[in-house]
Amino acid sequence: MLISSPMNDALNEQIGNEFAASLQYVSVAAYFDNESLPVLARHFYKQAEEEREHAMRFVKYVVDAGGQVQIPAMPAARSGFESVADAVQLALDSELKVTRQINGLMDLAISERDHLATSILQWFVNEQLEEVSSMETLLKMVQRAGESGLLFVESYLQQKGPVSPDAVEIATS
Ligand SMILES: [Fe+2]
Ligand SMILES: [Fe+2]
């Protein structure tokens, strides 16, 4: 077994956090779908899939390292948003919270001199830079556009896709 019991517990908690983020993004995407904002909806359905992939990365690591996967209970996702900006603000707050959680895991890995976990977690540390910065960009765009300018945000997202790392790769290749 390559992970300590405290690290195993902390990673199980993070598996729950990532699945909870995935469910929260499904809820945000469904709200955009209801509001007839299909590009924003698609963007958040995709984010939800990415969060599930994050959870599965941790699942695979815990299994590979000989630990026990125990998925915790998670809070209900929030729904019923007041505005598009409100929903995107929630997503940004969620990304900032996950960043703190990942940093906490990294602190634990360093204190335990767990080099394997440190290496796995470094990917997540880098990923959070992208996640927070793209969500901040999206929030600023939505705030600037206002409710009447949301179709502009939709077409901008569709054409340029600056908030999607994949789109940036395509645009620059
Ligand atoms: Fe994540
Ligand atoms: Fe995320």
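The legends below accompany close-up views of a predicted model.

**View 1. Iron ion (ligand 1) and the residues that hold it.** Welcome to the first metal site, where Glu18 (OE), Glu51 (OE) and His54 (ND1) coordinate the iron ion (ligand 1) at 2.1 Å. Read along the sequence, these donor residues follow the spacing E-x32-E-x2-H. The site ties together distant parts of the chain: Glu18 belongs to helix H1 (residues 5-34) and His54 to helix H2 (residues 38-64), with the two positions 36 residues apart in numbering. Are Glu18 and His54 buried or exposed? Glu18 counts as buried because its relative accessibility is 0%, and His54 counts as buried because its relative accessibility is 3%. The cut-off behind both assignments is a relative accessible area under 20%.

**View 2. Iron ion (ligand 2) and its irregular arrangement.** Turning to the second metal site, the iron ion (ligand 2) has as its protein donors Glu51 (OE), Glu131 (OE) and two entries for Glu95 (OE), at 1.9 to 2.5 Å. The spacing of these donors along the chain is E-x43-E-x35-E. Here, too, distant parts of the chain are linked, since Glu95 sits in helix H3 (residues 84-111) and Glu131 in helix H4 (residues 115-145), 36 residues apart. Both Glu95 and Glu131 are buried. Why is the arrangement around the iron ion (ligand 2) irregular? The 4 donor atoms subtend angles of 54 to 146 degrees, and therefore the arrangement is irregular. For four donors to count as tetrahedral, all angles would have to lie between 85 and 135 degrees. As a reference point, the ideal angle for four tetrahedral donors at a metal is 109.5 degrees.

**View 3. Glu51, the bridge between the iron ions.** If you would like one residue to keep in view, try Glu51, which bridges the iron ion (ligand 1) and the iron ion (ligand 2). The two ions lie 3.5 Å apart. Glu51 itself is found in helix H2. Which residues does Glu51 touch, not counting those up to four places away in sequence? They are Glu18, Ala21, Ser22, Tyr25, Glu95 and Glu131. Among these contacts, Glu18 is also a donor to the iron ion (ligand 1), while Glu95 and Glu131 are also donors to the iron ion (ligand 2). Glu51 is buried yet has no salt bridge. The nearest side chain of opposite charge to Glu51 is Arg57, 10 Å away.

**View 4. Thr99 and its partner Gln128.** Thr99 is found in helix H3, the helix that also holds Glu95. Apart from its neighbours within four places in sequence, Thr99 is in contact with Gln128 and Val132. Thr99 and Gln128 are 29 residues apart in sequence, and their C-alpha atoms are 5.9 Å apart in space. The side chains of Thr99 and Gln128 make a polar contact at 3.1 Å.

**View 5. Two salt bridges in helix H2.** Side chains of opposite charge can pair when their charged atoms come close. The count for this model comes to 3 salt bridges, and this view takes in the ones formed by Lys46 with Glu50 and by Lys60 with Asp64. For Lys46 and Glu50, the closest N and O atoms are 3.5 Å apart. Lys46 and Glu50 are separated by about one helical turn because they are 4 residues apart in helix H2. Lys46 counts as partly exposed at 30% relative accessibility, whereas Glu50 is buried with a relative accessible area of 15%. For Lys60 and Asp64, the N to O distance is 2.7 Å. Lys60 and Asp64 both lie in helix H2, 4 residues apart, about one turn of the helix. Lys60 is exposed at 53% relative accessibility, and Asp64 is exposed with a relative accessible area of 52%.

**View 6. The salt bridge of Asp86 and Arg78.** Asp86 forms a salt bridge with Arg78, and the closest N and O atoms are 2.9 Å apart. Which of these residues is buried, and which is partly exposed? Asp86 counts as buried at 19% relative accessibility, while Arg78 is partly exposed with a relative accessible area of 36%.

**View 7. Phe152 in helix H5.** Our last stop is Phe152, placed in helix H5 (residues 150-159). Phe152 is exposed, with a relative accessible area of 54%. Phe152 and Arg113 are 39 residues apart in sequence, and 49 Å separates their C-alpha atoms in space.

Key:
Residues are numbered from 1 along each chain as its sequence is written. Chains are lettered from A and ligands numbered from 1 in the order in which they are written. This is a predicted model: local features need pLDDT of at least 70, side-chain atom pairs count only at pLDDT 80 or more; totals for chains, interfaces and linings use all residues. Side-chain values use heavy atoms; hydrogens and water are left out. Donors are N, O and S atoms within 2.8 Å of the metal (3.2 Å for Na, K and Ca); water is not among the atoms, so sites may look incomplete. Buried means under 20% relative accessible area, exposed over 50%, partly exposed in between (1.4 Å probe, protein chains only). Four donors count as tetrahedral if all angles lie between 85 and 135 degrees; four count as square planar and six as octahedral if opposite donors are over 155 degrees apart and all others between 65 and 115; anything else is irregular. Contact means heavy atoms within 4.5 Å. A polar contact is a pair of N or O atoms within 3.5 Å; within protein, one must be able to donate a hydrogen and the other to accept it, and residues adjacent in sequence count only if both atoms are side-chain atoms. Lys and Arg count as positive and Asp and Glu as negative; His and the chain ends are not counted. A salt bridge is a side-chain nitrogen of Lys or Arg within 4 Å of a carboxyl oxygen of Asp or Glu.
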